Amino acid sequence: MTYDKEYQAAYYLKNRESIVAKRKARRETSEFKAKSREYHQKYNAMNPHKTREGARRRRARIRKVETRPYSEAQVLELYGLLCHICFRQIDLDAPRQQGKGANWHMGLHIDHIVPISSGGGDTLENVRPAHAICNLRKGPIQLVCQGRIIT
């Protein structure tokens, strides 16, 4: 069976309405929705960096601020592994979400110097690596040892 692109294009144009209706009906089935949801959950679990990148771009697009693609590896290569707030080493093996495991507060967060919500762009020049807890609190980590604050 050969696939002639011209024939396929002509067939689609001739039968466009019925083809679109069939595709839409298929997408509305619960079986299709369940498979799609399962696929996206697996994809997001295997590619958390892409999920975070997409969320950043979406926020920037909504706020209508400048956005240029960059990766977390580029941020770490350019600015190093020190938290820009407290100047301590970031643990790349630590989980990034609050309460998702031991030592989560030392995990990597990408911090926007000028927040997207305040008009800062989602660009490599406007981000720095930070500890999760420093980014969430916007201040350096204060470790408490035997009732004393260790800086």
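Which residues does His-109 touch, not counting residues up to four places away in sequence? The views below, drawn from a predicted model, begin with that residue.

**View 1. Surroundings of His-109 in strand E1.** Not counting residues up to four places away in sequence, His-109 touches Arg-96, Arg-128, Pro-129, Ala-130, His-131, Ala-132, Asn-135 and Leu-136. A polar atom of the His-109 side chain lies 3.0 Å from the backbone oxygen of Arg-96. His-109 counts as buried because its relative accessibility is 17%, and the limit for that class is under 20%.

**View 2. Pairing of strands E1 and E2.** E1 spans residues 108-112 and pairs with E2 in the antiparallel sense, over 5 bridges. One of the bridge partners is Val-127 in E2, which is matched with His-112. Strand E2 covers residues 127-131 and is mostly covered, with 4 of its 5 residues buried.

**View 3. The two sides of helix H5 (residues 72-79).** Glu-72, Val-75 and Leu-76 are the buried residues of this helix. They lie on the same side of H5 because they cover an arc of only 95 degrees around the axis. Ala-73, Glu-77 and Leu-78, on the other side of H5, are exposed.

**View 4. Packing of H5 and the residue that follows the helix.** The buried residues of H5 pack against helix H4 (48-63) and against both strands, E1 and E2. Gly-80 comes just after H5 and takes a positive phi of about 85 degrees.

Note on methods. Residues are numbered from 1 along each chain as its sequence is written. This is a predicted model: local features need pLDDT of at least 70, side-chain atom pairs count only at pLDDT 80 or more; totals for chains, interfaces and linings use all residues. Side-chain values use heavy atoms; hydrogens and water are left out. Buried means under 20% relative accessible area, exposed over 50%, partly exposed in between (1.4 Å probe, protein chains only). Two strands pair if DSSP finds at least two bridges between them. A polar contact is a pair of N or O atoms within 3.5 Å; within protein, one must be able to donate a hydrogen and the other to accept it, and residues adjacent in sequence count only if both atoms are side-chain atoms. Contact means heavy atoms within 4.5 Å. The arc is that of the directions from the helix axis to the C-beta atoms.
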